Amino acid sequence: MTYKVFVDGQEGTTGLQINEYLAKRADVTLLKIDSDKRKDLAERKRLINESDVTFLCLPDDAAMESVALVDNPNTCIIDASTAHRVNPAWTFGLPELAKDQRAKIRASKRIANPGCHASAFILALKPLVAAGLLPVDTQIAANSITGYSGGGKKMIADYEAASASPTQLKAPRPYALGLAHKHLPEMCAYTGLAAAPIFQPIVGPFYKGLAVTAYLHPKQFTRPASPAEVQKILADYYADEAFIRVAPLDLDGNTDGGFFNVEACNDTNRVDLFVFGNDERMLLIARLDNLGKGASGAAVQAMNVHLGVEESLGLV
């Protein structure tokens, strides 16, 4: 069977990557909009309603505008914006979230694609909350370092323009220092945590790759637990997941001379989870490609689940 797919916002970073994934597939016909009609509501409406699946790779307001154009009940919308991520009428597009999440994605025509930082944070913390090790009222402190591609076309252009000369863009740049990052609502909603984390992201001077680090103290736990026990909770939770690898406890094996490689999942749809530390203090690190499992790869994976095709089709 061949599926018709439209990418609304095909010229943005996420849209381009989705097109790249799907252009190689024999089971997908990509519906393209002429560049001079990208803001033509009638043409966008025609293509959206002609499609089996439409990806929205747009700012929030434009994404909501596109949703309002849908009148074909068989069209599935996968929204990569933040507009619908905690809307109860939409399904969160993270198949690994829980045992019944794939069934929800399969049945839904409205799927919200997770954010990149949020995906890493949720996948790291959800199993500990689900196991009862972390109380729901725990306030987690976490940071994330990400490649500059996560900032979109303007930020990519700024970094590429600065690459020939020394500027402040050569150093990591913390941001969202008001501690109200737009991913916080989904971080709470899908981990089960009642308290928003103290979350501080950083843009690094590299194109892509992302690692969220959460700081854990055993006093936060409901019962005594060693790093090995925390690692086992993660490994058991994701035992059957093809795209999630829970690393064994091995400081030397998981680092390069003690240094952590943020880019090791690049060009994959994989998430690597690590536990570092000791019985007195621990780190949880979740690593992914912010353009892969953090954006376009996750969207294609959700599409595969929804359509009932092989979940890994077109992904690595």
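1. A residue is called buried when its relative accessible area is under 20%, and exposed when that area is over 50%, with partly exposed in between. Keep that cut-off in mind for Ala120: its relative accessibility is 0%, so Ala120 counts as buried. You will find Ala120 in helix H5, which covers residues 116-130. Setting aside the neighbours within four places in sequence, Ala120 is in contact with Leu210, Val212, Ala286 and Leu288. Try finding Leu273 as well: Leu273 is 153 residues from Ala120 along the chain, yet their C-alpha atoms are separated by 8.7 Å.

2. Please remember, as you look around, that this is a predicted model. How confident is the prediction for the protein chain? The average pLDDT is 92, and 98% of the residues score at least 70. Confidence is lowest in helix H6 (residues 152-162), with a mean of 81, and highest in strand E11 (residues 244-246), at 98.

3. Next, have a look at the sheet. Six strands form an open sheet in the order E2-E1-E3-E4-E6-E5, and their pairing is parallel. Which strands are at the edges? They are strand E2 (28-31) and strand E5 (91-92), each of which pairs on one side only. As general background, the strands of a sheet pair through backbone hydrogen bonds, either parallel or antiparallel. To follow one pairing in detail, start at strand E1 (residues 3-8), which runs parallel to E2 and is joined to E2 by four bridges. One residue to pick out is Tyr3, whose bridge partner in E2 is Val28.

4. A helix can be placed against this sheet. Helix H3 (residues 60-67) lies across E1, strand E3 (53-56), strand E4 (76-79) and strand E6 (110-112), and runs at about 160° to E3.

5. Helix H7 deserves a friendly second look. How many of its eight residues are buried? Six are, and H7 is mostly covered. The buried residues are Leu184, Glu186, Met187, Cys188, Tyr190 and Thr191. Their cover includes E5, H5 and strand E9 (198-204), so you meet the edge strand E5 and the helix of Ala120 again here. Just after H7 comes Gly192, with a positive phi of about 95°.

6. Now for the aromatic rings. The whole structure holds seven aromatic pairs. One of them is the stacked pair of Phe92 and Tyr190, with 3.8 Å centre to centre and 5° between the planes. This pair links distant parts of the chain, with Phe92 in strand E5 and Tyr190 in helix H7 (residues 184-191), 98 residues apart. Phe92 has a relative accessible area of 2% and is therefore buried. Tyr190 also counts as buried, because its relative accessibility is 15%.

7. Compare that with Phe260 and Phe276, an edge-to-face pair with 6.2 Å centre to centre and 85° between the planes. Phe260 sits in the loop between H9 and E12, while Phe276 belongs to strand E12, 16 residues away. Is Phe260 buried or partly exposed? Its relative accessibility is 23%, so Phe260 counts as partly exposed. Phe276, at 10%, counts as buried. Elsewhere, Tyr148, Tyr159 and Tyr207 form one aromatic cluster.

8. Asn269 is a good residue to zoom in on. Its place is in the loop between helix H9 (251-254) and strand E12 (271-277). Although Asn269 is in a loop, Asn269 counts as buried because its relative accessibility is 1%. What does its side chain meet? A polar contact of 3.0 Å joins the side chains of Asn269 and Gln301, and a polar atom of the Asn269 side chain lies 3.5 Å from the backbone nitrogen of Lys293. Leaving out residues up to four places away in sequence, Asn269 touches several others, including Phe243, Gly292, Gly297, Ala298, Leu315 and Val316.

9. Finally, check two backbone angles. Leu179 has a positive phi of about 60° although it is not a glycine. Leu179 is in the loop between strand E8 (173-174) and H7, and with a relative accessible area of 43% Leu179 is partly exposed. Asp267, another residue other than glycine, has a positive phi near 65°. Asp267 lies in the loop between H9 and E12, and its relative accessible area of 54% means that Asp267 is exposed.

Terms used: Residues are numbered from 1 along each chain as its sequence is written. This is a predicted model: local features need pLDDT of at least 70, side-chain atom pairs count only at pLDDT 80 or more; totals for chains, interfaces and linings use all residues. Side-chain values use heavy atoms; hydrogens and water are left out. pLDDT is the predictor's confidence in each residue, from 0 to 100. Buried means under 20% relative accessible area, exposed over 50%, partly exposed in between (1.4 Å probe, protein chains only). Contact means heavy atoms within 4.5 Å. Two strands pair if DSSP finds at least two bridges between them. Axes are lines fitted to C-alpha atoms, for helices over the stretch in contact, and angles run from 0 to 180 degrees between N-to-C directions. A polar contact is a pair of N or O atoms within 3.5 Å; within protein, one must be able to donate a hydrogen and the other to accept it, and residues adjacent in sequence count only if both atoms are side-chain atoms. Rings of Phe, Tyr and Trp (its six-membered ring) pair if their centres lie within 6.5 Å; planes under 30 degrees apart count as stacked, over 60 as edge-to-face and the rest as tilted.
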